[in-house]
Amino acid sequence: MPLLEVNNLDVCFGLRSGAVKALRDVSFTLERGERLGVVGESGAGKSVLGFSIINLLSRPGHISSGSVHFEGKDLASLAPGELRSIRGNRISMIFQDPMMTLNPVLTIGVQMIECLLAHRRMSKADAKRVALKKLQQVQIPSPEKRLDQYPHELSGGMRQRIVIAIGLLLDPDLIIADEPTTALDVTIQAEIMDLMLNLCEQNNVALILITHDLGVVSQVTQRMLVMYAGRIIEQGPTKEVINDAQHPYTQGLMNALPQMAIPGQKLNQIKGSMPPLQDIPKGCSFNPRCEYVMDICHQALPPFTRSGNCQVACHMMAESAQDKLQLKEV
Ligand code: SF4
């Protein structure tokens, strides 16, 4: 049984102007200890997906159909207490801004110890020992001193290490990290990502890494999903997707990487921008920006077609698969 199974997930936001779908028919699985990257431009639905998994969507967002199973349990059907226990004990979420996790008026020690005492039967002294051990694991200098400090007394990199330590406090099976290094300097970003990778490997923790940074995804994850306008448009082993992207949108993301630009010339761009959720084009939502657009792209949603170990939602792939099938039959 996979650790996490997301099936045909639709998420709607009920607005005054009508309901808009932020996620459409999202399906994937995650095995224990596996690291999955979720990429796409802003507005693709990456963060909504992260919040939907732990059922933390804020109103007016809600899951309108589909399911999320964690170790076989349907998270939407759990009692609030049971759901809170899974969220606290088994699934942790790490946000871009550490201050979304840290309480500015409590010391780091108080926050970590309270978290442990709320979820585990242990003495305060034992909770302090566990908190200290986790700070050591995330390689914070002078961990004893940090327990008595407030978040504002620490640098951005150190705060994010503490958030990771808090994420690991209860030995979760799954961490969902939403742009965990975007707010940090480039040199610190690499250190934090290395740290997360090592900690996940050492503790066999599964990771869903939500990011727009394809470089980070290629270094850290084993599998990846590419999202566009609330849908998965390509998914497969990270190496295969990165080295041989099939969907025109994924190809555009790869071409837009700085290392793909000719020195002295402008960076490559995907023309146009992501459509607003209330105005998703009919057929393939990428059709206004796609250089290979065909008539069918304006009429029908592209189905998923298998290509090697990847799945791609593009009519070009579906047509070439159909052609191959017909050739075989002849
Ligand atoms: Fe382009 Fe059509 Fe493929 Fe969409 S389905 S990516 S518009 S070729």
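This passage walks through the empty spaces of a predicted model, the ligand held in one of them, and two helices.

A convenient place to begin is the ligand. The space that the ligand takes up is the largest cavity. Around the ligand stand His247, Pro248, Cys284, Phe286, Asn287, Cys290, Tyr292, Cys297, Cys314, His315 and Met316. By class, this shell consists of eight nonpolar and three polar residues, with no charged ones. The cavity itself has a volume of about 80 Å³. Its lining is made up of 13 residues, and those nearest the centre of the cavity are Pro248, Cys284, Cys290, Cys297 and Cys314. These five residues nearest the cavity centre also appear in the list of residues that surround the ligand. In the lining of the largest cavity, 10 residues are nonpolar, three are polar and none is charged.

Other enclosed spaces can be found as well. In total, three cavities reach 30 Å³ or more. The second largest cavity holds about 60 Å³. Its walls are formed by Arg24, Tyr228, Arg231, Ile233, His247, Gly283, Cys284, Ser285, Phe286, Leu301, Pro302 and Ala313. Readers may recognise some of these names: His247, Cys284 and Phe286 line the second largest cavity, and these three residues also belong to the surroundings of the ligand. Sorted by class, the lining of the second largest cavity comprises seven nonpolar, three polar and two charged residues.

Attention now turns to the open pockets. The largest pocket offers about 510 Å³ of space. It is lined by 18 residues, with Arg87, Gly88, Ser92, Met93 and Ile166 closest to the pocket centre. Several elements contribute to this lining: helix 2 (80-89), strand 6 (91-94), helix 3 (108-119) and helix 6 (156-168) provide at least two residues each. Helix 3 gives the largest share, namely four residues. The lining of the largest pocket contains 10 nonpolar, six polar and two charged residues.

The second largest pocket encloses about 420 Å³. Here too the lining numbers 18 residues, and His212, Leu214, Leu253, Ala256 and Leu257 are the closest to the centre of this pocket. Eight of the lining residues of the second largest pocket are nonpolar, seven are polar and three are charged.

Helix 6, one of the elements that line the largest pocket, includes Gly157. Is Gly157 buried or exposed? With a relative accessibility of 12%, Gly157 counts as buried, because the cut-off for a buried residue is under 20%. Gly157 and Glu191 are 34 residues apart along the chain, and their C-alpha atoms are separated by 9.0 Å.

The last element to consider is helix 7, which covers residues 186-203. How far apart are the end C-alpha atoms of this helix? They are 26 Å apart, and this agrees with expectation, because 18 residues at 1.5 Å a residue should span 26 Å. Along helix 7, the buried residues are Gln189, Ile192, Met193, Leu195, Met196, Leu197, Leu199 and Cys200. Just after helix 7 comes Asn204, which has a positive phi near 50°.

Terms used: Residues are numbered from 1 along each chain as its sequence is written. This is a predicted model: local features need pLDDT of at least 70, side-chain atom pairs count only at pLDDT 80 or more; totals for chains, interfaces and linings use all residues. Side-chain values use heavy atoms; hydrogens and water are left out. A residue is near a molecule or strand if one of its heavy atoms lies within 4 Å of it. On a 1 Å grid over the protein atoms alone, a cavity is a set of points where a 1.4 Å probe fits but cannot get out, and a pocket is an open set with protein on both sides within 12 Å along at least five of seven lines; lining residues have an atom within 4 Å of a point. A molecule sits in a cavity or pocket if more than half of its atoms lie within 2 Å of its grid points. Ala, Val, Leu, Ile, Met, Phe, Trp, Tyr, Cys and Pro count as nonpolar, Asp, Glu, Lys and Arg as charged, and the others, Gly among them, as polar. Grid points are joined across faces, edges and corners, and a volume is the space filled by probe spheres set on the points. The expected span of a helix is 1.5 Å times one less than its number of residues. Buried means under 20% relative accessible area, exposed over 50%, partly exposed in between (1.4 Å probe, protein chains only).
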